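Visitor: Please pick one residue in this model, look at it closely, and then walk me outward from there. I would enjoy some detail on the backbone, the pairing of strands and the packing of helices.

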Amino acid sequence: MLDTSIESPSTNQDNQNLKKIYGQLQSEISEALEKCQVPSKQNSMRTKQLWNWTFLGGVTELSEIKNMPKELLNQLSKNYTLSRNSIANEQKSNDGTIKWLVDLASKNNSTNNQIETVFIPEENRGTLCISSQIGCTLNCSFCHTGTQRLVRNLTSDEIVSQLLIAKDRLDDWHKNNPNNVRKITNVVMMGMGEPLYNFEAVKKALLIITDCDGIALSKRRVTLSTSGIVPYIERVGNEIGVSLAVSLHAAKDEIRDILVPINKKYPLKELIKACENYPKIKNSSKITFEYVMLKDVNDSLQDAKDLIKILSNIPSKINLIPFNPWPGSNYICSDMKRIREFAKVLLDAGFSSPIRKPRGQDILAACGQLRSETIRLKSKK
Ligand code: SF4
(Lines give C-alpha, C1' and ligand atoms only; values in the text may rest on other atoms or scores of the structure.)
Protein backbone atom coordinates (compact mmCIF):
# COMPACT_ATOMS: atom_id res chain seq x y z
CA MET A 1 0.00 0.00 0.00
CA LEU A 2 1.39 3.41 -0.99
CA ASP A 3 0.50 6.58 0.85
CA THR A 4 1.64 9.82 -0.75
CA SER A 5 1.11 13.49 -0.07
CA ILE A 6 0.53 15.45 -3.26
CA GLU A 7 1.58 19.00 -4.05
CA SER A 8 -1.18 20.60 -6.07
CA PRO A 9 -0.26 23.38 -8.51
CA SER A 10 -3.09 25.69 -7.47
CA THR A 11 -5.30 25.24 -4.48
CA ASN A 12 -8.94 26.01 -3.91
CA GLN A 13 -7.89 28.55 -1.25
CA ASP A 14 -6.27 30.68 -3.99
CA ASN A 15 -9.41 30.77 -6.07
CA GLN A 16 -12.34 30.63 -3.69
CA ASN A 17 -14.10 33.59 -5.25
CA LEU A 18 -13.69 32.49 -8.84
CA LYS A 19 -16.20 30.27 -10.61
CA LYS A 20 -14.91 27.00 -12.04
CA ILE A 21 -15.36 26.73 -15.78
CA TYR A 22 -15.86 22.96 -15.52
CA GLY A 23 -18.85 23.50 -13.23
CA GLN A 24 -20.73 25.42 -15.96
CA LEU A 25 -23.08 24.06 -18.59
CA GLN A 26 -22.28 25.04 -22.19
CA SER A 27 -25.18 27.53 -22.08
CA GLU A 28 -23.63 29.24 -19.03
CA ILE A 29 -20.22 29.46 -20.70
CA SER A 30 -21.90 31.02 -23.69
CA GLU A 31 -23.52 33.65 -21.42
CA ALA A 32 -20.15 34.38 -19.80
CA LEU A 33 -18.63 34.98 -23.24
CA GLU A 34 -21.48 37.25 -24.16
CA LYS A 35 -20.69 39.35 -21.09
CA CYS A 36 -17.09 39.56 -22.33
CA GLN A 37 -18.46 41.17 -25.55
CA VAL A 38 -17.63 38.19 -27.76
CA PRO A 39 -19.51 38.87 -31.03
CA SER A 40 -22.59 36.68 -31.29
CA LYS A 41 -21.33 35.11 -34.53
CA GLN A 42 -18.25 33.84 -32.71
CA ASN A 43 -19.98 32.83 -29.48
CA SER A 44 -20.70 29.22 -30.37
CA MET A 45 -17.15 28.64 -31.70
CA ARG A 46 -15.52 30.21 -28.61
CA THR A 47 -17.79 28.21 -26.28
CA LYS A 48 -16.73 24.97 -28.00
CA GLN A 49 -13.05 25.98 -27.85
CA LEU A 50 -13.23 26.64 -24.12
CA TRP A 51 -15.20 23.44 -23.57
CA ASN A 52 -12.67 21.39 -25.62
CA TRP A 53 -9.63 22.71 -23.81
CA THR A 54 -11.34 22.07 -20.49
CA PHE A 55 -12.75 18.60 -21.06
CA LEU A 56 -10.54 17.12 -23.80
CA GLY A 57 -7.29 18.99 -23.25
CA GLY A 58 -7.44 18.87 -19.46
CA VAL A 59 -5.82 22.31 -19.06
CA THR A 60 -5.62 23.69 -15.54
CA GLU A 61 -4.86 27.35 -16.42
CA LEU A 62 -6.67 29.62 -18.87
CA SER A 63 -3.27 30.80 -20.11
CA GLU A 64 -2.62 27.30 -21.54
CA ILE A 65 -5.37 27.81 -24.13
CA LYS A 66 -3.70 28.47 -27.47
CA ASN A 67 -6.38 29.36 -30.00
CA MET A 68 -8.33 32.07 -28.16
CA PRO A 69 -7.41 35.76 -27.94
CA LYS A 70 -5.23 36.60 -24.92
CA GLU A 71 -7.36 39.60 -24.10
CA LEU A 72 -10.47 37.42 -23.85
CA LEU A 73 -8.68 34.89 -21.65
CA ASN A 74 -7.49 37.70 -19.37
CA GLN A 75 -11.01 39.01 -19.10
CA LEU A 76 -12.37 35.55 -18.29
CA SER A 77 -9.69 34.98 -15.67
CA LYS A 78 -11.13 37.82 -13.56
CA ASN A 79 -14.19 35.68 -12.81
CA TYR A 80 -13.32 32.13 -13.81
CA THR A 81 -10.66 29.52 -13.14
CA LEU A 82 -9.80 25.97 -14.18
CA SER A 83 -7.99 25.09 -10.95
CA ARG A 84 -8.94 21.86 -9.22
CA ASN A 85 -9.63 21.17 -5.59
CA SER A 86 -6.38 20.10 -3.99
CA ILE A 87 -5.45 16.54 -3.05
CA ALA A 88 -4.49 16.06 0.60
CA ASN A 89 -3.49 12.45 0.22
CA GLU A 90 -3.26 9.63 -2.30
CA GLN A 91 -3.25 5.96 -1.34
CA LYS A 92 -2.69 3.05 -3.65
CA SER A 93 -3.92 -0.42 -2.73
CA ASN A 94 -2.07 -3.65 -3.47
CA ASP A 95 -4.83 -4.46 -5.98
CA GLY A 96 -4.33 -1.19 -7.92
CA THR A 97 -7.29 0.69 -6.40
CA ILE A 98 -6.43 4.34 -5.75
CA LYS A 99 -8.10 6.55 -3.16
CA TRP A 100 -7.76 10.33 -3.09
CA LEU A 101 -8.58 12.47 -0.09
CA VAL A 102 -9.68 15.79 -1.57
CA ASP A 103 -9.66 19.13 0.29
CA LEU A 104 -12.67 21.33 -0.42
CA ALA A 105 -13.22 24.99 0.28
CA SER A 106 -14.18 25.74 3.85
CA LYS A 107 -17.73 27.01 4.24
CA ASN A 108 -19.30 28.09 7.57
CA ASN A 109 -15.80 27.86 9.08
CA SER A 110 -16.14 24.11 9.32
CA THR A 111 -12.89 22.20 9.68
CA ASN A 112 -14.16 18.98 8.12
CA ASN A 113 -14.02 19.69 4.43
CA GLN A 114 -12.65 16.56 2.92
CA ILE A 115 -14.14 13.90 0.71
CA GLU A 116 -12.87 10.67 -0.76
CA THR A 117 -12.81 9.61 -4.41
CA VAL A 118 -11.84 6.09 -5.47
CA PHE A 119 -10.56 4.65 -8.77
CA ILE A 120 -11.05 0.92 -9.31
CA PRO A 121 -9.15 -0.49 -12.30
CA GLU A 122 -10.43 -3.72 -13.84
CA GLU A 123 -9.71 -5.60 -17.04
CA ASN A 124 -11.00 -3.47 -19.95
CA ARG A 125 -12.58 -0.85 -17.71
CA GLY A 126 -11.91 1.60 -14.91
CA THR A 127 -14.56 2.87 -12.53
CA LEU A 128 -14.42 6.13 -10.60
CA CYS A 129 -16.53 6.30 -7.46
CA ILE A 130 -17.36 9.91 -6.61
CA SER A 131 -18.95 11.64 -3.60
CA SER A 132 -21.93 14.00 -3.49
CA GLN A 133 -21.83 15.23 0.12
CA ILE A 134 -19.32 15.68 2.93
CA GLY A 135 -20.64 13.07 5.35
CA CYS A 136 -24.22 11.81 5.16
CA THR A 137 -27.46 12.21 7.10
CA LEU A 138 -28.80 8.73 6.57
CA ASN A 139 -26.94 6.58 9.13
CA CYS A 140 -27.16 3.27 7.28
CA SER A 141 -25.98 0.97 10.05
CA PHE A 142 -23.48 -1.03 7.93
CA CYS A 143 -21.83 2.07 6.38
CA HIS A 144 -18.79 3.89 7.73
CA THR A 145 -19.74 7.16 6.00
CA GLY A 146 -23.06 7.05 7.86
CA THR A 147 -21.16 7.56 11.14
CA GLN A 148 -19.87 10.93 9.89
CA ARG A 149 -22.38 13.74 10.32
CA LEU A 150 -23.33 15.75 7.28
CA VAL A 151 -21.14 18.81 6.87
CA ARG A 152 -22.59 20.06 3.60
CA ASN A 153 -23.65 19.28 0.06
CA LEU A 154 -21.01 19.46 -2.67
CA THR A 155 -21.39 22.01 -5.45
CA SER A 156 -21.60 20.80 -9.04
CA ASP A 157 -18.02 21.91 -9.73
CA GLU A 158 -16.77 19.98 -6.69
CA ILE A 159 -18.47 16.88 -8.09
CA VAL A 160 -17.00 17.36 -11.60
CA SER A 161 -13.62 18.28 -10.09
CA GLN A 162 -13.29 14.73 -8.67
CA LEU A 163 -13.34 13.33 -12.20
CA LEU A 164 -10.84 15.93 -13.47
CA ILE A 165 -8.49 15.29 -10.55
CA ALA A 166 -8.57 11.55 -11.27
CA LYS A 167 -7.94 12.17 -14.98
CA ASP A 168 -5.01 14.45 -14.09
CA ARG A 169 -3.45 11.87 -11.77
CA LEU A 170 -4.02 8.97 -14.20
CA ASP A 171 -2.95 11.03 -17.23
CA ASP A 172 -6.26 10.12 -18.83
CA TRP A 173 -6.74 13.10 -21.13
CA HIS A 174 -7.79 12.79 -24.75
CA LYS A 175 -4.73 14.75 -25.96
CA ASN A 176 -2.44 12.06 -24.51
CA ASN A 177 -4.53 9.12 -25.74
CA PRO A 178 -4.85 9.58 -29.49
CA ASN A 179 -6.58 6.18 -29.80
CA ASN A 180 -9.04 7.33 -27.15
CA VAL A 181 -8.38 4.36 -24.88
CA ARG A 182 -9.69 5.72 -21.62
CA LYS A 183 -8.62 4.66 -18.16
CA ILE A 184 -11.83 5.96 -16.58
CA THR A 185 -14.68 4.34 -18.52
CA ASN A 186 -17.40 4.39 -15.86
CA VAL A 187 -18.50 6.74 -13.11
CA VAL A 188 -20.59 5.71 -10.12
CA MET A 189 -22.11 8.12 -7.61
CA MET A 190 -21.59 5.71 -4.72
CA GLY A 191 -19.05 7.61 -2.65
CA MET A 192 -19.86 9.71 0.40
CA GLY A 193 -23.43 11.00 0.68
CA GLU A 194 -26.92 10.50 -0.69
CA PRO A 195 -26.92 12.03 -4.21
CA LEU A 196 -30.66 12.62 -4.26
CA TYR A 197 -30.42 14.89 -1.21
CA ASN A 198 -28.23 17.09 -3.41
CA PHE A 199 -30.29 16.67 -6.54
CA GLU A 200 -29.71 19.93 -8.44
CA ALA A 201 -25.91 19.93 -8.08
CA VAL A 202 -25.68 16.23 -8.94
CA LYS A 203 -27.93 16.68 -11.95
CA LYS A 204 -25.86 19.55 -13.30
CA ALA A 205 -22.56 17.71 -12.73
CA LEU A 206 -23.78 14.54 -14.47
CA LEU A 207 -25.14 16.54 -17.41
CA ILE A 208 -21.70 18.18 -17.75
CA ILE A 209 -19.72 14.92 -17.70
CA THR A 210 -22.08 13.22 -20.16
CA ASP A 211 -22.28 16.19 -22.57
CA CYS A 212 -21.26 14.74 -25.93
CA ASP A 213 -19.03 17.74 -26.76
CA GLY A 214 -16.90 17.21 -23.64
CA ILE A 215 -15.82 14.15 -21.66
CA ALA A 216 -18.86 12.47 -23.23
CA LEU A 217 -19.26 9.54 -20.87
CA SER A 218 -22.17 7.44 -22.06
CA LYS A 219 -25.20 7.75 -19.77
CA ARG A 220 -25.24 3.96 -19.60
CA ARG A 221 -21.77 4.10 -18.04
CA VAL A 222 -22.77 6.59 -15.36
CA THR A 223 -24.67 5.18 -12.38
CA LEU A 224 -26.40 7.11 -9.64
CA SER A 225 -26.84 5.09 -6.47
CA THR A 226 -29.56 6.00 -3.99
CA SER A 227 -30.67 4.61 -0.67
CA GLY A 228 -34.24 5.08 -1.93
CA ILE A 229 -35.37 8.72 -1.88
CA VAL A 230 -38.59 7.86 -3.67
CA PRO A 231 -39.82 11.32 -4.81
CA TYR A 232 -36.65 11.90 -6.87
CA ILE A 233 -36.37 8.54 -8.63
CA GLU A 234 -38.56 9.42 -11.60
CA ARG A 235 -36.70 12.74 -11.99
CA VAL A 236 -33.37 10.90 -12.26
CA GLY A 237 -34.70 8.99 -15.26
CA ASN A 238 -36.42 11.95 -16.93
CA GLU A 239 -33.98 14.77 -16.20
CA ILE A 240 -30.58 13.04 -16.03
CA GLY A 241 -31.14 9.73 -17.81
CA VAL A 242 -28.28 7.79 -16.22
CA SER A 243 -28.36 4.23 -14.89
CA LEU A 244 -29.93 3.72 -11.49
CA ALA A 245 -28.65 1.67 -8.56
CA VAL A 246 -30.56 1.20 -5.32
CA SER A 247 -28.99 0.31 -1.96
CA LEU A 248 -31.60 -2.29 -1.09
CA HIS A 249 -29.95 -4.68 1.40
CA ALA A 250 -33.19 -6.27 2.62
CA ALA A 251 -36.48 -7.50 1.23
CA LYS A 252 -38.52 -6.95 4.39
CA ASP A 253 -39.29 -3.59 6.00
CA GLU A 254 -38.43 -4.79 9.52
CA ILE A 255 -34.84 -5.57 8.47
CA ARG A 256 -34.44 -2.63 6.07
CA ASP A 257 -35.67 -0.18 8.74
CA ILE A 258 -32.53 -1.08 10.71
CA LEU A 259 -30.01 -1.31 7.87
CA VAL A 260 -31.25 1.69 5.85
CA PRO A 261 -33.31 3.82 8.29
CA ILE A 262 -34.70 6.07 5.50
CA ASN A 263 -36.88 3.02 4.80
CA LYS A 264 -39.14 4.18 7.65
CA LYS A 265 -39.95 7.25 5.53
CA TYR A 266 -40.01 5.52 2.13
CA PRO A 267 -40.89 1.86 2.78
CA LEU A 268 -40.20 -0.98 0.38
CA LYS A 269 -43.66 -0.93 -1.20
CA GLU A 270 -43.18 2.71 -2.35
CA LEU A 271 -39.55 2.16 -3.34
CA ILE A 272 -40.28 -0.89 -5.46
CA LYS A 273 -43.18 0.89 -7.17
CA ALA A 274 -40.90 3.84 -8.03
CA CYS A 275 -38.35 1.39 -9.49
CA GLU A 276 -41.02 -0.39 -11.52
CA ASN A 277 -41.93 2.99 -13.02
CA TYR A 278 -38.34 4.18 -13.56
CA PRO A 279 -38.42 5.77 -17.03
CA LYS A 280 -35.16 4.19 -18.22
CA ILE A 281 -36.23 0.56 -17.75
CA LYS A 282 -38.69 1.03 -20.58
CA ASN A 283 -35.55 1.23 -22.75
CA SER A 284 -34.36 -2.22 -21.66
CA SER A 285 -31.81 -1.02 -19.07
CA LYS A 286 -31.68 -2.89 -15.80
CA ILE A 287 -31.73 -1.38 -12.34
CA THR A 288 -28.86 -2.52 -10.13
CA PHE A 289 -29.79 -3.47 -6.58
CA GLU A 290 -26.97 -3.46 -4.04
CA TYR A 291 -27.23 -6.10 -1.34
CA VAL A 292 -24.60 -6.21 1.42
CA MET A 293 -24.22 -9.72 2.85
CA LEU A 294 -24.46 -9.65 6.65
CA LYS A 295 -24.20 -12.87 8.61
CA ASP A 296 -27.49 -13.88 10.28
CA VAL A 297 -29.08 -10.53 9.43
CA ASN A 298 -30.19 -10.66 5.78
CA ASP A 299 -28.47 -13.74 4.34
CA SER A 300 -30.94 -16.63 4.77
CA LEU A 301 -32.18 -18.48 1.71
CA GLN A 302 -35.67 -17.25 2.63
CA ASP A 303 -34.29 -13.68 2.32
CA ALA A 304 -33.18 -14.57 -1.21
CA LYS A 305 -36.68 -15.87 -2.04
CA ASP A 306 -38.25 -12.69 -0.60
CA LEU A 307 -35.93 -10.67 -2.79
CA ILE A 308 -37.02 -12.57 -5.90
CA LYS A 309 -40.64 -11.89 -5.01
CA ILE A 310 -40.33 -8.11 -4.60
CA LEU A 311 -38.15 -7.67 -7.71
CA SER A 312 -40.25 -9.91 -9.96
CA ASN A 313 -41.53 -6.99 -12.10
CA ILE A 314 -38.24 -5.12 -12.45
CA PRO A 315 -35.44 -5.92 -14.94
CA SER A 316 -32.76 -6.23 -12.25
CA LYS A 317 -29.17 -7.01 -11.55
CA ILE A 318 -28.46 -7.84 -7.90
CA ASN A 319 -24.93 -7.07 -6.75
CA LEU A 320 -24.05 -9.14 -3.70
CA ILE A 321 -21.47 -7.28 -1.64
CA PRO A 322 -19.50 -9.17 0.99
CA PHE A 323 -19.55 -6.82 3.99
CA ASN A 324 -16.38 -4.76 4.34
CA PRO A 325 -15.69 -4.30 8.06
CA TRP A 326 -14.55 -0.93 9.39
CA PRO A 327 -13.33 0.10 12.86
CA GLY A 328 -16.28 -0.09 15.27
CA SER A 329 -18.74 -1.83 12.92
CA ASN A 330 -21.25 -4.22 14.50
CA TYR A 331 -21.71 -6.67 11.65
CA ILE A 332 -19.92 -9.76 10.37
CA CYS A 333 -19.67 -10.71 6.72
CA SER A 334 -21.68 -13.79 5.67
CA ASP A 335 -19.68 -16.95 5.00
CA MET A 336 -18.60 -17.28 1.38
CA LYS A 337 -20.46 -20.61 1.16
CA ARG A 338 -23.70 -18.85 2.14
CA ILE A 339 -23.08 -15.98 -0.29
CA ARG A 340 -22.67 -18.51 -3.13
CA GLU A 341 -25.85 -20.36 -2.12
CA PHE A 342 -27.73 -17.04 -1.94
CA ALA A 343 -26.43 -16.09 -5.40
CA LYS A 344 -27.52 -19.47 -6.82
CA VAL A 345 -31.10 -19.03 -5.58
CA LEU A 346 -31.23 -15.66 -7.37
CA LEU A 347 -29.55 -17.03 -10.49
CA ASP A 348 -31.93 -19.98 -10.69
CA ALA A 349 -34.80 -17.48 -10.64
CA GLY A 350 -33.26 -15.69 -13.65
CA PHE A 351 -31.52 -12.77 -11.89
CA SER A 352 -27.98 -11.74 -12.70
CA SER A 353 -26.38 -11.88 -9.23
CA PRO A 354 -22.61 -11.30 -9.32
CA ILE A 355 -20.66 -11.42 -6.07
CA ARG A 356 -18.62 -8.25 -5.87
CA LYS A 357 -14.91 -8.75 -5.37
CA PRO A 358 -13.77 -6.55 -2.48
CA ARG A 359 -11.36 -3.89 -3.76
CA GLY A 360 -9.02 -1.53 -1.91
CA GLN A 361 -9.70 -3.04 1.51
CA ASP A 362 -6.15 -2.34 2.73
CA ILE A 363 -6.72 1.41 2.22
CA LEU A 364 -10.35 1.46 3.48
CA ALA A 365 -11.58 2.25 -0.03
CA ALA A 366 -14.11 -0.56 -0.40
CA CYS A 367 -17.84 -0.10 -0.57
CA GLY A 368 -19.26 1.43 2.63
CA GLN A 369 -15.84 2.26 4.08
CA LEU A 370 -15.38 5.88 2.99
CA ARG A 371 -15.01 8.48 5.67
CA SER A 372 -12.81 11.55 5.68
CA GLU A 373 -9.32 11.29 7.11
CA THR A 374 -9.87 14.34 9.35
CA ILE A 375 -12.66 12.56 11.15
CA ARG A 376 -10.75 9.30 11.34
CA LEU A 377 -7.70 10.93 12.88
CA LYS A 378 -9.84 12.84 15.38
CA SER A 379 -11.62 9.68 16.46
CA LYS A 380 -8.27 8.01 17.17
CA LYS A 381 -7.30 10.68 19.71
S1 SF4 B 1 -24.88 3.87 2.45
FE2 SF4 B 1 -24.94 5.83 1.34
S3 SF4 B 1 -26.82 6.79 2.12
FE4 SF4 B 1 -26.34 5.15 3.59
S5 SF4 B 1 -25.08 6.19 5.19
FE6 SF4 B 1 -23.67 5.33 3.65
S7 SF4 B 1 -23.27 7.07 2.26
FE8 SF4 B 1 -25.16 7.55 3.40
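Guide: Let's begin with His249, which counts as buried because it has 26 C-beta neighbours inside 10 Å, where 20 or more are needed. Please keep in mind that this is a predicted model. His249 sits in the loop between strand 12 (243–247) and helix 7 (253–259). Its backbone deserves a glance too: phi of His249 is positive, at about 70 degrees, although the residue is not a glycine.

A second residue makes a good partner for this one. Asp171 also has a positive phi, near 55 degrees, and is likewise a residue other than glycine. It belongs to the loop between helix 4 (156–170) and strand 10 (186–189). Its surroundings are another matter: Asp171 has 10 other C-beta atoms within 10 Å and is therefore exposed, the limit for that class being 12 or fewer. So one positive phi belongs to a buried residue, His249, and the other to an exposed one, Asp171.

Strand 12, which comes before the loop of His249, spans residues 243–247, and Ser247 is among the residues around the ligand. That shell also includes Cys136, Cys140 and Cys143, together with Leu138, Asn139, Thr145 and Gly146. Met192, Gly193, Glu194 and Ser227 belong to the shell as well. By class, the shell holds 5 nonpolar, 6 polar and 1 charged residue.

Strand 10, which follows the loop of Asp171, leads us into a run of paired strands. Strand 10 is joined to strand 7 by 3 bridges, and these two strands run parallel. Within that pairing, Val187 of strand 10 stands opposite Leu128. Leu128, in strand 7, is also the bridge partner of Phe119. The pairing of strand 7 (residues 125–129) with strand 6 is antiparallel and has 5 bridges. Strands 6 and 7 form a hairpin with 2 residues between the strands, and there Asn124 takes a positive phi near 65 degrees.

Continue to the next neighbour. Strand 6 (residues 114–122) runs antiparallel to strand 5, with 6 bridges joining them. Here Val102 has Ile115 of strand 6 as its bridge partner. Strand 5 (residues 98–103) is mostly covered, as 5 of its 6 residues are buried. In a regular strand, side chains alternate between the two faces of the sheet. Strand 5 also pairs with strand 4 (residues 86–92), in the antiparallel sense and over 6 bridges. In this pair, Trp100 of strand 5 is the residue opposite Glu90. Strands 4 and 5 make a hairpin too, with 5 residues between the strands, and Gly96 has a positive phi near 95 degrees there.

Earlier in the chain is strand 3 (residues 80–81), which contains Thr81. Thr81 has 22 C-beta neighbours inside 10 Å and so counts as buried. It also brings together two separate stretches of chain: its C-alpha atom is 5.1 Å from that of Lys20, though the two residues are 61 apart along the chain.

Tyr278 offers a comparable contact. This residue lies in the loop between helix 8 (268–276) and strand 13 (287–293), and with 20 C-beta neighbours inside 10 Å it counts as buried. Tyr278 and Gly237 are 41 residues apart in sequence, while their C-alpha atoms are 6.3 Å apart in space.

That brings us to the helices. Helix 6 (residues 230–240) packs with helix 5 (residues 199–210) at an angle of about 25 degrees, with axes 11 Å apart. Helix 5 is therefore roughly parallel to helix 6, and their crossing is right-handed. Helix 9 (residues 301–310) and helix 10 (residues 336–348) pack at about 30 degrees, with their axes 9 Å apart. These two helices are therefore roughly parallel as well, and they too cross in the right-handed sense. Helix 1 (residues 26–35) meets helix 2 (residues 40–57) at about 120 degrees, with axes 9 Å apart. That angle makes helix 1 oblique to helix 2, and this crossing is again right-handed.

Terms used
Residues numbered from 1 in each chain as written. Predicted model: local features only at pLDDT ≥ 70, side-chain atom pairs only at ≥ 80, totals over all residues. Near = placed C-beta within 6 Å. Nonpolar A, V, L, I, M, F, W, Y, C, P; charged D, E, K, R; others polar. Helix = DSSP H or I, 4+ residues; strand = E, 2+ residues; numbered from the N terminus. Pairing = 2+ DSSP bridges. Axes fitted to C-alpha atoms, helices over the stretch in contact; angles between N-to-C directions. Parallel < 35°, antiparallel > 145°, perpendicular 65-115°, else oblique. Left-handed = near helix turned anticlockwise from the far one by under 90°.
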